[in-house]
Amino acid sequence: PPPPPLPSAPLHREAWLRAFMDKVSLKENGSNFLDWEAALRNAAMADGKLRFLVEPPPVEPTSRANSAARNSYDEYRRESCAIKNVLIYSMAPSLQRRLINLNAYEIFARLTTMFSQAPRILKYEAATRFFEAKLGKGQSVGPHVLNMIENVEAMERLGNAISQELAIDR
């Protein structure tokens, strides 16, 4: 079993993490994953902490390792623990429960695996609804137009905007 976690670094030192946590919270279905990930990467990069999310943690030094190696490893664990805490608090409770036992790197990797395709699927579904929508024989034009507008707006929200000309022609 892994050793018990070290006390985390004080969050007042980690202003970038608090700013990130206040900015966006990851929804249970991951529908805002791209926004959450971008905010996290930007905040972490600004303070030189991105490595804790994208690089696997170092191997724990053996008991024979010198004190400098041990101190470096312990500092990595403290920093990683502080980042983990913010990641956990920046997501929906159901995700928190599932990921609480992982480190920062593992949490980020798991969420990326879980949700990186979700926005693409949502974009595809919105585009499908837009391009497959048809006015049925004898149906009123008003509800159809409102449905088309809703589809166009959904695609724009997902970053899959279409031209005004195409929207009108369709």
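The points below concern the fold, the salt bridges, two helices and a loop contact in a predicted model.

1. Overall fold. The chain contains nine helices and zero strands. Along the sequence the pattern reads α-α-α-α-α-α-α-α-α. Of the 170 residues in the chain, 35% are buried. Where contacts join residues at least 6 apart in sequence, 60% of them are between residues at least 24 apart. The chain has an accessible surface of about 10700 Å², and carbon and sulfur atoms account for 54% of that surface.

2. The Glu-79 to Lys-49 pair. The structure has five salt bridges. One of them joins the side chains of Glu-79 and Lys-49, with an N to O distance of 2.7 Å. This pair connects distant parts of the chain: Glu-79 belongs to helix H4 (residues 67-89), while Lys-49 sits in the loop between helix H2 (33-46) and helix H3 (51-54), and the two are 30 residues apart. Glu-79 counts as buried because its relative accessibility is 6%, under the 20% cut-off. Lys-49 is likewise buried, its relative accessible area being 12%.

3. The Arg-70 to Glu-60 pair. A salt bridge also forms between the side chains of Arg-70 and Glu-60, at 3.3 Å from N to O. Here again the pair links distant parts of the chain, with Arg-70 in helix H4 and Glu-60 in the loop between H3 and H4, ten residues apart. Arg-70 has a relative accessible area of 25% and is therefore partly exposed. Glu-60 is partly exposed as well, at 35%.

4. Extension to Asp-74. Arg-70 has a further salt bridge, to Asp-74, in which the closest N and O atoms are 3.5 Å apart. Why are Asp-74 and Arg-70 separated by about one helical turn? Both are in helix H4, and they are four residues apart there. An α-helix has 3.6 residues a turn, so residues three or four places apart point the same way. Asp-74 counts as buried, with 16% relative accessibility. Glu-60, Arg-70 and Asp-74 are thus joined in a network of salt bridges.

5. Helix H2. This helix has 14 residues, and the distance from its first C-alpha to its last is 20 Å, close to the 20 Å expected at 1.5 Å a residue. Its buried residues are Phe-33, Trp-36, Glu-37, Ala-39, Leu-40, Ala-43 and Ala-44. Viewed down the axis of H2, the buried residues lie within an arc of 165°, so they line one face of the helix. Exposed residues Asp-35, Asn-42, Met-45 and Ala-46 are carried on the face turned away from the buried side. Gly-48, just after H2, takes a positive phi of about 70°.

6. Helix H8. The 17 residues of H8 should span 24 Å at 1.5 Å a residue, and the end C-alpha atoms are indeed 24 Å apart. His-144, Met-148, Asn-151, Val-152, Ala-154 and Met-155 are buried in this helix. Down the axis of H8, these buried residues fall within an arc of 160°, so they line one face of the helix. Pro-143, Leu-146, Glu-150 and Arg-157 are exposed on the other side of H8. The helix is followed by Gly-159, which has a positive phi near 80°.

7. Nonpolar surface patch. Which residues make the nonpolar surface patch of about 420 Å²? The patch consists of Leu-135, Val-141, Val-145, Leu-146 and Ile-149. Leu-135 is in the loop between helix H7 (118-132) and helix H8 (141-157). With 39% relative accessibility, Leu-135 counts as partly exposed. Leu-146 is among the exposed residues of H8.

8. Leu-158. This residue lies in the loop between H8 and helix H9 (164-169). Its relative accessible area is 23%, so Leu-158 is partly exposed. Setting aside residues up to four places away in sequence, Leu-158 touches Leu-122, Lys-123 and Ala-126. Leu-158 and Leu-34 are 124 residues apart in sequence, yet their C-alpha atoms are 9.6 Å apart in space.

Key. Residues are numbered from 1 along each chain as its sequence is written. Side-chain values use heavy atoms; hydrogens and water are left out. A salt bridge is a side-chain nitrogen of Lys or Arg within 4 Å of a carboxyl oxygen of Asp or Glu. Buried means under 20% relative accessible area, exposed over 50%, partly exposed in between (1.4 Å probe, protein chains only). The expected span of a helix is 1.5 Å times one less than its number of residues. The arc is that of the directions from the helix axis to the C-beta atoms. Patches are made of residues with over 30% relative accessible area and no salt bridge: like charges are joined within 9 Å, nonpolar side chains (Val, Leu, Ile, Met, Phe, Trp, Tyr) within 5 Å. Accessible areas come from the Shrake-Rupley method with a 1.4 Å probe; for residues, only the protein chains shown count as cover. Contact means heavy atoms within 4.5 Å.
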